[in-house]
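Here is a walk through one protein model, with an eye on its helices, hollows and odd backbone angles. Have the structure open and follow along.

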Amino acid sequence: MDTVTTALGMNELASEIADRVAEQEERYRVRLTTLGSGARVIDAGVDAAGGLDAGLALAQICMGGLGNVVYTPLTIGGRTRPGVTVWTDHPAVSCMASQYAGWAISVGKYFAMGSGPLRAHARVEHELFEKLSYEEEAERGILVLETRTLPTDEVAAYVAQKARLQASALTFVVAPTASIAGGVQISARIIETGLHKMETLGFDVRRVVSAMGMAPIPPVAKNDLRGIGRTNDCILYGGQAHYTVRAGDQELAELAEKVPASASRDYGTPFYEIFQRYEGDFYKIDPLLFSPAEVWLTSTESGRTFHAGGLNPDVLDASLYPAP
């Protein structure tokens, strides 16, 4: 499949958001540092406090400036919870070419999963970007790292070389899973998780023309492993996503039944327990688990909507509010 260069300019859009955050460190409770190489690092939760405002900005950066993210109350199981509503008219690009954490950054003992629009410029995930037929050529790039360790000049040099840019053209935005901002940006992946599930099932996600999703925000966990459990459960058991798709009724009816998290063999208990069941081996978990709890697929051809899955407040509460 030929790669098509577009003019959406996610790196520039996201860099404008990062510039605003960097210029208002105290407001966003972040910490800006510049490495010796000239790369910028915005700490949104490692040593800096971060917070809800930083979380919104982080989520918007992850989506390459093409997604809208707002806070909203959600009622699940009779309980009103803090949540996010996310929407985009560029689902495949914003979510899969930017927001998806698909770039493993491994340099010496340093490891982090990278998301954000620099992925669309670097395109180290060759197979995925061939399917998306998307690329960007950017003069500066921005990468979001989910980790508890801030990147060094060695990390910046590695990323710069892979991305064919000078290190001074890079901005890293960092937040661990067990942080306020980190929890927000992961819940804001509600649309992306469904798209990734569709892509895993072999569906061409470029046919999804618009999408909107809602998911609760987790309370901050005591450590990142617990945080991984809570953030996943917000989507697996509390997330709802609506997709408008260029497809016929039969195709969407069949797809809808496969997309929700409940279609997985591992569905039904808090993610932390699933992780422990497989002795901490993430790759033993059914990859089809990672998807919204409830989905709606609307056909642009017929106007019909196909619904599958459902919220699971009992498992969600067991994860977010465990008994002492």
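## Around helix H3

Let's start with a glycine: just after H3, Gly64 takes a positive phi of about 65°. Keep in mind that this is a predicted model. H3 itself is mostly covered, with nine of its eleven residues buried. The buried set in H3 is Ala54, Gly55, Leu56, Ala57, Leu58, Ala59, Gln60, Ile61 and Cys62.

Two residues from this stretch turn up again in the surroundings of Pro117. Setting aside neighbours within four places in sequence, Pro117 is in contact with Ile61 and Gly64, and also with Met10, Asn11, Ala14, Ser98 and Ile142. Pro117 sits in the loop between E6 and helix H5 (118–122). Is Pro117 buried or exposed? With a relative accessible area of 0%, Pro117 is buried. There is a long jump in numbering here too: Glu12 and Pro117 are 105 residues apart in sequence, yet their C-alpha atoms are 8.9 Å apart in space.

## The closed cavity

H3 also matters for the inside of the model. The structure holds one cavity of 30 Å³ or more, and the largest cavity contains about 50 Å³ of space. Which helix gives the most to its lining? That is helix H3 (residues 52–62), with four residues.

The full lining of the largest cavity is Val21, Val30, Ile42, Ala44, Ala54, Ala57, Leu58, Ile61 and Val173. Sorted by class, that makes nine nonpolar residues, with no polar and no charged ones. Ile61 is worth a second look, as it lines the cavity and is also in contact with Pro117.

## The largest pocket

Now for the open spaces. The largest pocket has about 1,200 Å³ of space. It is lined by 31 residues, and the closest to its centre are Ala101, Met113, Glu146, Phe282 and Phe290. If you want a place to centre your view, those five will do.

Strand E6 (110–115), helix H9 (190–200) and helix H10 (224–236) each supply at least two residues of this lining. H10 has the largest share, at seven residues. The class count for the lining comes to 17 nonpolar, nine polar and five charged residues.

## The second largest pocket

How much space lies in the second largest pocket? About 210 Å³. Its lining is made up of Ala221, Lys222, Arg226, Gly229, Arg230, Pro270, Tyr272, Glu273, Ala318, Ser319 and Pro322. By class, you get five nonpolar, two polar and four charged residues.

H10 is back again here: along with helix H12 (271–277) and helix H13 (313–320), it supplies at least two residues of the lining. The largest share is once more from H10, this time with three residues.

## Two loops with positive phi

Most residues other than glycine have a negative phi. Two residues in this model go the other way. One of them is Ser133, which has a positive phi near 50° without being a glycine. Ser133 lies in the loop between helix H6 (126–132) and strand E7 (141–146). Ser133 counts as buried because its relative accessibility is 10%, and the cut-off for buried is under 20%.

Another is Arg164, also not a glycine, with a positive phi of about 60°. You'll find Arg164 in the loop between helix H7 (153–163) and strand E8 (170–174). Where does Arg164 stand on the buried-to-exposed scale? Its relative accessible area is 45%, so Arg164 is partly exposed.

## The whole fold

Zooming out, the protein has 13 helices and twelve strands. Its C-alpha atoms fill a box of roughly 55 × 55 × 35 Å along the principal axes. A compact globule of 324 residues would have a radius of gyration near 20 Å, so the protein's 19 Å agrees with that.

Buried residues make up 56% of the 324 residues. The protein exposes about 13,400 Å², and carbon and sulfur atoms supply 50% of that area. As for contacts between residues at least 6 apart in sequence, 71% of them join residues at least 24 apart. The Pro117 contact with Met10 gives you a concrete pair to click on while you look at the fold.

Key: Residues numbered from 1 in each chain as written. Predicted model: local features only at pLDDT ≥ 70, side-chain atom pairs only at ≥ 80, totals over all residues. Heavy atoms only, no water. 1 Å grid on protein atoms, 1.4 Å probe; cavity = no way out; pocket = protein on both sides within 12 Å on 5 of 7 lines; lining within 4 Å. Points joined across faces, edges and corners; volume = space filled by probe spheres on them. Nonpolar A, V, L, I, M, F, W, Y, C, P; charged D, E, K, R; others polar. Rg over C-alpha atoms; globule rule 2.2 N^0.38 Å. Buried < 20%, exposed > 50% of the residue type's maximum accessible area, 1.4 Å probe, protein only. Contact = heavy atoms within 4.5 Å. Areas by Shrake-Rupley, 256 points an atom, 1.4 Å probe, with all protein chains shown as cover.
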